[in-house]
Amino acid sequence: MKDVSISKWWAGVSDHDVTYSFLHSPVTIVATVATILMFAAAFGASFLTIYTPFDPGSLELREAFMPPAWEQGGNSEHLLGTDGQGRDILAAIMYGTQVSLVVGILSVLLSVSIGIPLGIIAGYYGGWVDTAIMRFADIQLTIPPILIALMIDGITRTTLSSEVHEIVAIPVLIISIGVASWPQYARITRSGAMVERRKDYIAAAKLIQTPTAAIMVRHVLPNVIGPTLIVATIGVAVAIIIEATLSFLGVGIPSTTPSLGTLIRIGNSFLFSGEWWITFFPAFTLVILVLSVNLIGDWLRDTFNPKLR
Amino acid sequence: MSEQNILEVQGLKMYFDVSPPFVTRLLNRMPKQVLKAVDGLSFSIERGKTFSLVGESGCGKSTVARAVAGLYTPTGGDIIIDGQNLATAKDRSKITDISRQMQMIFQSPYASLDPRWRVRDIIAEPIRAFKLAANKEDEWRQVEQLLVQVGLSASDGEKYPHEFSGGQRQRISIARALSSKPEFLICDEPTSALDVSVQAQILNLMTALQDELGLTYLFISHDLAVIDHMSDWIGVMYLGRVCEITPKSELFSNPRHPYTRLLLEAIPDLKGRSHRKPLKGEVPNPITPPSGCTFHPRCPYANERCKQEQPVLGEYGPSQVACHAVEEFRI
Amino acid sequence: MAVIDISNISIEFPTRRGVLTAVENLSLSIEAGEILGVVGESGAGKSLTGNAIVGLLEPPGHVTAGTILLNGRDITHLPESEMRKIRGAKIGVIFQDPLTSLDPLYTIGRQLTQTILTHKKMSHAEAKARAIELLNEVGIPAPEQRFDAFPHEFSGGMRQRVVIALALCCDPCLIIADEPTTALDVSVQAQIIDLLKNLSREKGVATMLVTHDMGVIAEAADRVAVIYSGRLAEIGDVRSVIDAPKHPYTRGLMDSIPQIGQNLKTLPNIIGAMPRLDARPEGCAFNPRCAKSKSICRQQTAPLIETGSDGQWAACWAYEGGNKYV
């Protein structure tokens, strides 16, 4: 009985246009596999590697500056080599990716949860409500997200002691990136809401005295959320880049819990003394991660937006 | 208000501010622009009958439908439904009661159903809003009954709107409209987006339901043949005003207002019997309507008085006509 | 010789679930000065047929069989560059919404002269004179003054007149009018129909009038082709088809049109709906809705059979034995 329903479900899924489009886009398949692998490596780091690179007690200075395994002087115990303090690069990348993904995903969730409600309210009500919300969004859009993040970081750094700051660094970063990028989600949602509110199914709901909030949640939201979530996928990649940039500049994630950006910054100073691997591998991971997420986002956008086809 | 009337509309005015944004207006020294979509309209509908509004696009007939439905707040005038004045009703429970008795069927079968909802939820929405079901099972039972009543099958409730054709969707709209057990249905061009053969099915369904449930219809259409088939009384509208209100038999056998006459002559004739005479000109911009009788620039009977003085509805036999030429026995 | 002669064309849309045959084995021709009405429900394939003639089928749709002859020349599979020349010079196209055919950024005068100059060798002044002449011809009052107006300054009916003028720019021998009056009010509709009629009579233009409105067909067309589910159901002289329809679908369609003064309690109607392209039944596409369907109707598509001496043909097995169209 259960098998039947599962096979029926699978028949439905495999016959679906989305599945078809996915299976006929090799680039998307590769990007998805890469993303899944990176997610698995990042969140399964504590099972996949014996090293705990950010535990101060595990520093092995004797093993510092070991090149990757295939280079002369390399060692199969440290596949991608070690950094100046003897930390395993591969393990550092795994933990670093974890931090980058957490920051990327949570900050997008934050901006989406600000942007979607404000966008729906602006688009549905129109008039001065719309003007007020969207002007505010416009003003915020003129300030680059990095600048906003720098500002918030600066404020927390001066008001909080350095120990406290280290603990709150990641939440602060998430909030600053999240707050900085809500306007684009609000814009997309708003334009969708403006179209939907004129449709007669909204009038039909008004006719039976449905409260406005209920109309927005039950009718408008399900009909406008799709495009916003697709853009949010690409937003994750952008947030990871912003986080990496900030961390590279030294104002993001502290070096005690490094993200990919922090690792690139740390390795950057060794680039000219020949220890290229310390910065190259984190940077390479960042590129692949951002590229994969972007490619998936592009595919989602093309598949679910018939106008582009 | 007479007992037999379910709806009375008195002096309904519906103005819309269509001015450009404030700053633009200030820079170009433009005055505020007001679109008088409906300008002083009165009619009443007898219980169990069909009253139709007909006119060309932009004449305000759909605006009347939406104002009566309560989707617009009228600029002026009264809308009295079952003795309750909708335009001035403040009491929430009264409004709820009025809106339960009144439902609407929309023109586009594509835009009037939420694409993300299952058909059974679409139909059940009014049942839930007015708490008309004792429990979930009762609700499903009612929904299934409605689906069968409009000629769909009970299992169609599980599907989404996009799985249905235009005609079937319009059946779903009707089922939904009936779910709150209304007495009065507002039908805004319910078949104009459908193919002719499907239109006949929907019109037949609507007449059958009217007989069965004793419904009253306010029917809006631009198609005089459909109007003729459906109506008991007809109001002809031109630029936000009504020019003639008349029983169906009178309209087609004895049209009085020059606009009504010309409109009847402009209908393409399937039998190719008479050669139709195209009406001169087009409907003027409603933001800047002509002076006096708004129809005078296109009217073959217009004189000086028509250019200056707005005619009011007068009684002629069973009909009401707003025309100076009719009043002066010139036609 | 007919201006346009379509014989046995099929239009297919390959999809991953199989090929959808949107138009199947359709033949029709239009003589100079004649208006052929093409009528059918939405999705029947009437607009596709018009689009196929002018090479404007939206990919992946394409003509898979049959030929389209314009003045004897095969234009079925012409490359886009060649087709564009023909579209401007030989075939005028009028669509439902005049706004889609007019560029809102240019004055109508400029759009007209540009079109004339692309296809004809003449000076700018001559082109302007010709444009004004055309505007006059399609009934735009004071064309000299309206020449420099933008599309938005015109009303719906006047815009459609401008589109017709645009279609007439290069003295086409064929006009394809796809629902030209659907977006217009009844009173204006009659004006546009009269204009189209006069043009085809006076200029000897062959006109293909695609519409869902039988009333418009009755007023304007000389002959009418009824399309059902991508196939020609019936073709013939407009009066014969309307007064004495032979195909059961045409009959049902005519009966279901409400008419003033009919005073019927219920309108006759055809049960069910036109099948979707991917669910077209075996045999005659109309058989599940037809009261008189026989076993052969469920097995084989009926050929066009002559039903009388007046050139009326119906694709219905009820007339088996009559002359078959090949």
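User: Before turning to the helices of this predicted model, what does buried mean here?
Analyst: In this predicted model, the term rests on relative accessible area, computed with protein chains only as cover. A residue over 50% is exposed and one in between is partly exposed, whereas a buried residue is under 20%.

User: How many of the 13 residues of α6(B) are buried?
Analyst: Helix α6 of chain B runs over residues 166-178 and reaches 19 Å from its first C-alpha to its last, close to the 18 Å expected at 1.5 Å a residue. Among its buried residues are B:Gly166, B:Arg169, B:Ile172, B:Ala175 and B:Leu178. The helix is thus mostly covered, and the number of its 13 residues that are buried is twelve.

User: Which element of chain A is included in what covers the buried residues of α6(B)?
Analyst: From chain B, the cover includes β6 (102-105), α4 (119-129), α5 (136-149), β7 (184-188) and α7 (196-213). Chain A also takes part in covering the buried residues of α6(B), through α10 (200-207).

User: Which residue, 172 residues from B:Ile45 along the chain, has its C-alpha 8.3 Å away?
Analyst: B:Ile45 is found in strand β2 of chain B, residues 34-46, and it is buried because its relative accessible area is 1%. Leaving aside neighbours within four places in sequence, its contacts include B:Ile6, B:Leu7, B:Phe51, B:Phe184 and B:Leu218. B:Ile45 is also in contact with the residue asked for, which the C-alpha separation of 8.3 Å identifies as B:Tyr217.

User: How many residues apart are the partners of the salt bridge between B:Glu183 and B:Arg47?
Analyst: The side chains of B:Glu183 and B:Arg47 meet with an N to O distance of 2.8 Å. B:Glu183 counts as partly exposed at 29% relative accessibility, and B:Arg47 is likewise partly exposed, at 37%. B:Glu183 lies in the loop between α6 and β7 of chain B and B:Arg47 in the loop between β2 and β3, so that the pair links distant parts of the chain, and their separation is 136 residues.

User: Which helices of chain B are tied together by B:Arg128 and B:Glu139?
Analyst: B:Arg128 forms a salt bridge with B:Glu139, the closest N and O atoms being 2.9 Å apart. B:Arg128 is partly exposed at 33% relative accessibility, whereas B:Glu139 is buried at 5%. Both belong to a network of salt bridges that also links B:Arg120, B:Asp121, B:Lys136 and B:Glu158. Because B:Arg128 and B:Glu139 are placed in separate elements, eleven residues apart in sequence, the pair ties together α4 and α5.

User: Which cysteine has the sulfur closest to that of B:Cys59, and why is there no bond?
Analyst: A search of the whole structure finds zero disulfides over all chains. B:Cys59 is buried, with a relative accessible area of 3%. Since the closest cysteine sulfur is 8.8 Å away, the distance is too far for a bond, and the cysteine that holds this sulfur is B:Cys243.

User: Which residues form the nonpolar patch on the surface that includes B:Val23?
Analyst: B:Val23 has its place in helix α1 of chain B, residues 22-27, and counts as exposed because its relative accessibility is 54%. The patch has about 470 Å² of accessible area together, and its members are B:Phe22, B:Val23, B:Leu26 and B:Leu27.

Terms used: Residues numbered from 1 in each chain as written. Chains lettered and ligands numbered in written order. Predicted model: local features only at pLDDT ≥ 70, side-chain atom pairs only at ≥ 80, totals over all residues. Heavy atoms only, no water. Patch = residues over 30% accessible without salt bridge, like charges linked within 9 Å, V, L, I, M, F, W, Y side chains within 5 Å. Areas by Shrake-Rupley, 256 points an atom, 1.4 Å probe, with all protein chains shown as cover. Salt bridge = Lys/Arg side-chain N within 4 Å of Asp/Glu carboxyl O. Helix = DSSP H or I, 4+ residues; strand = E, 2+ residues; numbered from the N terminus. Buried < 20%, exposed > 50% of the residue type's maximum accessible area, 1.4 Å probe, protein only. Expected span 1.5 Å × (residues − 1). Contact = heavy atoms within 4.5 Å. Disulfide = S-S within 2.5 Å.
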